[in-house]
Number of protein chains: 2
Amino acid sequence: MSNTIHDVARQAGVGIGTVSSVLNNSRPVSQATREKVLAAIDKLDFIPNSSGRRLSMGRTDSIAVIIPYFTSVAQIERLRGVMSVIVESDYDINLFTVENAPQRDKVFQTVPRRGRVDGLLIFSLNMRDKDLKQIQQGKIPTVLVESFHPELPNIYIDDIAATRKAVEYLADLGHQNIAYVGDVLEDPLGSSFNQNRYLGYCQGMENKGLHVHPSFYRVGWHRRAKGYQVGMKLLKQTNRPTAIFAFCDELALGVIEAARELEINVPSDLSVIGYDDIELAHFAQLTTVRQHLFETGVQGVELLLNTIDTPNYNAGSIQLETKLIVRQTTVSPNQ
Amino acid sequence: MSNTIHDVARQAGVGIGTVSSVLNNSRPVSQATREKVLAAIDKLDFIPNSSGRRLSMGRTDSIAVIIPYFTSVAQIERLRGVMSVIVESDYDINLFTVENAPQRDKVFQTVPRRGRVDGLLIFSLNMRDKDLKQIQQGKIPTVLVESFHPELPNIYIDDIAATRKAVEYLADLGHQNIAYVGDVLEDPLGSSFNQNRYLGYCQGMENKGLHVHPSFYRVGWHRRAKGYQVGMKLLKQTNRPTAIFAFCDELALGVIEAARELEINVPSDLSVIGYDDIELAHFAQLTTVRQHLFETGVQGVELLLNTIDTPNYNAGSIQLETKLIVRQTTVSPNQ
DNA sequence: CTGTTAGCGCATTCAA
DNA sequence: TTGAATGCGCTAACAG
């Protein structure tokens, strides 16, 4: 079918060991034979069979990226960051998306195996002990992005502080009725950042002496359509909030659409603040918390590649900064 | 390191052939031994080593998805479609992004090889003869999405007709000065759809007896920032267009931002029409040509999986419909 | 029905 | 400096 190393060896009139040597520079080869081999390789358009190489080397030269909520723009932005560095490397990316618990279980059971991938990059999924055991006993290098486990290196941001500051910013503008539109706290896939953001919200409210009213806490999935629904409910309430902190930009935009439909002017009648700073946020002039999504992808793979290539690499955790980007959806109330 | 089939065989007190048999149901096994084997597999938490399996089977159970312009929302939407079906299958996805000619060359030279992947799904890249030769002599099943080659099955839309209709719609509204904001015609990665859309624009203009003015044809990369720049130039011209057809939604939104900054009201002073119908288009109330991006991904993999699984599968081409979605960025001029 | 063996394509060790 | 032999883990053909 395809040319093998034997074909090249025959063509060049040498042994396969010699061909392998020039392919990998694994041992000295005389200039003359090297040239013969290279000529044969070129003539046959030979590229070593990946499967054979994997088996022999015990390496796969590929890493798995595991992504929940693949519909989320934020995840895509991270993946872009990953690809931007992987393109320059010799690794392949195996992409796994996870939308529900069975899918997560299947991935965590089958993917972290020797001979499958050389490393794991996991987005936004907290590990259960069973998953961790699998990873650890297989000694599969792993880096978490936007999630946490005491035993694993990760790239993270201080969600609590970032959210707290955003809420305090709203309070400082003079808002008292600040609602929280977020994700369900008990994420079926096990994420903690939603809880952290809610925590930050509560802290911010408390710091400013504001009451966290139960009817001001609403959850939905982080898609725009859901933000629209939740926003509708919230804005039709008799005690309507004057400001809303949304868990992510997509939710925030859904809220804005709801407000638009109810003819509630943003920002004069309603301030909205998002989270992520996706590209759409710029277009919509949305005030938001910028987390450097692309950068988390970049740092995540880089950390992972280092742990793979350097045995006993001391992979610690890396915290990235956030920044409140004030645009045009937040002003003082009744202005 | 990891448990192998031999460990399982020893644990169960059988031969490796028997273990392989129960793993693959490749030959009848007595109920008693089957249970012994299953118990051993369970006890050792055994999953067959992927590299060994690949080599032995001559299959990789993975397919490559090759994507240029990974920054484009449209490509992401297609990829989502792909992942939605792949999750239900037993195939892995190897993701390759391509941002320039050297990267394309490298991917096409190294990826379409037996032992590397079982199939190729290629987005928006026209093949050169050299690339095609590689694919054909390796007999790697391949499906193109949004690109064309007479020898390869593809998923496509009628770009020319769709653009023509969009332009005719603008003309019917009464616009005469209709500009085209598009991609460079000579795409360095070899795409034809940009040329097709420009062609459709010209046809539409001609059908309506309108003149294609050179200063009304502007190109940039399909990112919003570029749309902004191009839009700025176009809108500062003395002979300012009253309507703009943009090659893709992202460019259209950039144009709208430029208009916003120049205090040119959309749509009363300027109609804008995009292409793709990305999610952002809905938020921005952008009139646009909807092509079913997610669906192209779905159909693309499905077609590919069929060609892989069914020898001599007659994979033809599939044309998907487009639809003009009229929202709020297009009205009659001077209204 | 089941154990043993050959071979997938490669890197690498052992001999020469 | 190089060729030949061994083994990576598995499937499948072969032999019992």
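Okay, let's start with a proline: P267(B) sits in the loop between α11 (249-261) and β9 (271-276) of chain B. The helix and strand names are DSSP runs numbered from the N terminus, helices being H or I with at least four residues and strands being E with at least two. The bond between V266(B) and P267(B) is a cis peptide, with omega about 15°. Chain A has one too: V266(A) and P267(A) are joined by a cis peptide bond, omega again about 15°, and P267(A) is in the loop between α11 and β9 (271-276) of chain A.

Quick housekeeping. This is a predicted model, where local features need pLDDT of at least 70, side-chain atom pairs count only at pLDDT 80 or more, and totals for chains, interfaces and linings use all residues. Residues are numbered from 1 along each chain as its sequence is written, while chains are lettered from A and ligands numbered from 1 in the order in which they are written.

One more backbone oddity, then. Q285(B) has phi near 60°, which is a positive value in a residue other than glycine. Q285(B) is in the loop between α12 (279-283) and β10 (287-291) of chain B. Is Q285(B) buried or exposed? Neither, really: Q285(B) counts as partly exposed because it has 15 C-beta neighbours inside 10 Å. The cut-offs, with C-beta atoms placed from the backbone, are 20 or more other C-beta atoms within 10 Å for buried, 12 or fewer for exposed, and partly exposed in between. Over in chain A, Q285(A) also has phi near 60°, lies in the loop between α12 and β10 (287-291), and is partly exposed, with 15 other C-beta atoms within 10 Å.

Staying in chain B, let's look at a sheet. There's an open one of six strands, in the order β7-β6-β8-β9-β10-β12, with mixed pairing. Pairing here takes at least two bridges found by DSSP between two strands. At the edges are β7 (217-219) and β12 (322-325) of chain B, each pairing on one side only. From one strand to the next, the twist averages 15°. Inside the sheet, β9(B) and β10(B) are parallel, over four bridges, and I273(B) has T287(B) as its bridge partner in β10(B). Then there's helix α9 (residues 193-207) of chain B, which lies across β6 (178-182) and β8 (243-246) and runs at about 175° to β6(B). For those angles, axes are lines fitted to C-alpha atoms, for helices over the stretch in contact, and the scale runs from 0 to 180 degrees between N-to-C directions.

Now, how do the two chains sit together? You can lay chain A on chain B with an RMSD of 0.0 Å, using a turn of 180° and a shift of 0.0 Å along the axis. The copies are therefore related as by a two-fold rotation axis. Superposition is by least squares on the C-alpha atoms of residues with pLDDT of at least 70 in both copies. Which C-alpha in chain A is nearest the axis? That's N94(A), at 2.4 Å from it.

As for contacts, 35 residues of chain A touch 35 residues of chain B, where contact means C-beta atoms, placed from the backbone, within 7 Å. On the chain A side, the elements giving two or more residues are α4, α5 (73-86), β2 (92-98), α6 (101-110), α11 (249-261) and α12 (279-283). By class, that side has 13 nonpolar, 13 polar and nine charged residues. Nonpolar means Ala, Val, Leu, Ile, Met, Phe, Trp, Tyr, Cys and Pro; charged means Asp, Glu, Lys and Arg; the others, Gly among them, are polar. Across the interface, β2(A) and β2 (residues 92-98) of chain B run antiparallel, joined by three bridges, and L95(A) has I93(B) as its partner.

Last stop, the DNA. Of the 27 residues around strand D, the nearest are G15(A), G17(A), I5(B), N49(B) and G52(B); near means a C-beta, placed from the backbone, within 6 Å. Two or more residues each come from α2 (16-24) and α4 (50-57) of chain A, and from α2 (16-24) and α4 (50-57) of chain B. That surface has eleven nonpolar, 14 polar and two charged residues. Around strand C there are 28 residues, with N49(A), G52(A), G15(B), G17(B) and P28(B) nearest. The largest share there, six residues, comes from α2(A), and the classes are eleven nonpolar, 15 polar and two charged.

Notes
Two residues are in contact if their C-beta atoms, placed from the backbone, lie within 7 Å.
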